[in-house]
Amino acid sequence: MNNERYSTFFKAMMTGLFVGIIDTVICLIFNLTYRNETGYLPSSLINVSSLIFMVNLLLLIIGIIFFFFLRMSSRGDVLFGIVVAVVTVWLVWKTAGLTRFGDPKLDSGFRGLLGGIIVILGASAMCIPFLYRSRRFVEAVI
């Protein structure tokens, strides 16, 4: 199959969507495992439905942002990876100081759950350029 038959926008968007679908499963498994291991129960913000909807939507948008990085520079994929890494580290740092409930045990549980999801999303977003450039991925998935 000819790799050039897809537009840059389509490939970037579909790569983000594919990563989002895979990430949804990973985040759901992490959510279940984390809650079973720590006993953290509140689920008003991070629950199954919000993970399914938001992870897919967020990575689809990140795929579109990746397209703009590609358009902005010839080395947009490298710049994108750097920006994603910096934003991920910054979000994890901000999460570490978050107070949501006022109860130290619940706050610690929430910070761990949210921080883990942020790390998963950040690591997966950094994979978008590699999958985008992979001829095998384009032929088999897109």
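User: In this predicted model, how many residues does H3 have, and how far does H3 reach from its first C-alpha to its last?

Analyst: H3 has 21 residues and reaches 30 Å between those two atoms, close to the 30 Å expected at 1.5 Å a residue.

User: How should one read which way the residues of a helix point?

Analyst: The general idea is that an α-helix has 3.6 residues a turn, so residues three or four places apart point the same way. In this structure, the buried residues of H3 are Gly76, Asp77, Phe80, Gly81, Val84, Thr88 and Thr95. Seen down the axis of H3, these buried residues fall within an arc of 135°, so they line one face of the helix. They pack against H2 and H4. The face turned away from that buried side carries the exposed residues Val86, Val89, Trp93 and Ala96.

User: Is Ala85 of H3 buried, partly exposed or exposed?

Analyst: Ala85, which lies in H3 (residues 76-96), counts as partly exposed because its relative accessibility is 26%, and buried means under 20%. Ala85 and Val119 are 34 residues apart in sequence, with their C-alpha atoms 9.6 Å apart in space.

User: What is the volume of the largest pocket, and which residues are the closest to its centre?

Analyst: The largest pocket has a volume of about 480 Å³. Of its 22 lining residues, the closest to the centre are Leu58, Ile62, Leu91, Ile118 and Leu121.

User: Which helix supplies the largest share of that lining, and what is the lining's make-up by class?

Analyst: H2 supplies the largest share, eight residues. Helix H2 (48-72), H3 and helix H4 (104-133) each supply at least two. By class, the lining has 19 nonpolar, three polar and no charged residues.

How values were computed:
Residues numbered from 1 in each chain as written. Predicted model: local features only at pLDDT ≥ 70, side-chain atom pairs only at ≥ 80, totals over all residues. Heavy atoms only, no water. Helix = DSSP H or I, 4+ residues; strand = E, 2+ residues; numbered from the N terminus. Buried < 20%, exposed > 50% of the residue type's maximum accessible area, 1.4 Å probe, protein only. 1 Å grid on protein atoms, 1.4 Å probe; cavity = no way out; pocket = protein on both sides within 12 Å on 5 of 7 lines; lining within 4 Å. Points joined across faces, edges and corners; volume = space filled by probe spheres on them. Nonpolar A, V, L, I, M, F, W, Y, C, P; charged D, E, K, R; others polar. Expected span 1.5 Å × (residues − 1). Arc of directions from axis to C-beta. Contact = heavy atoms within 4.5 Å.
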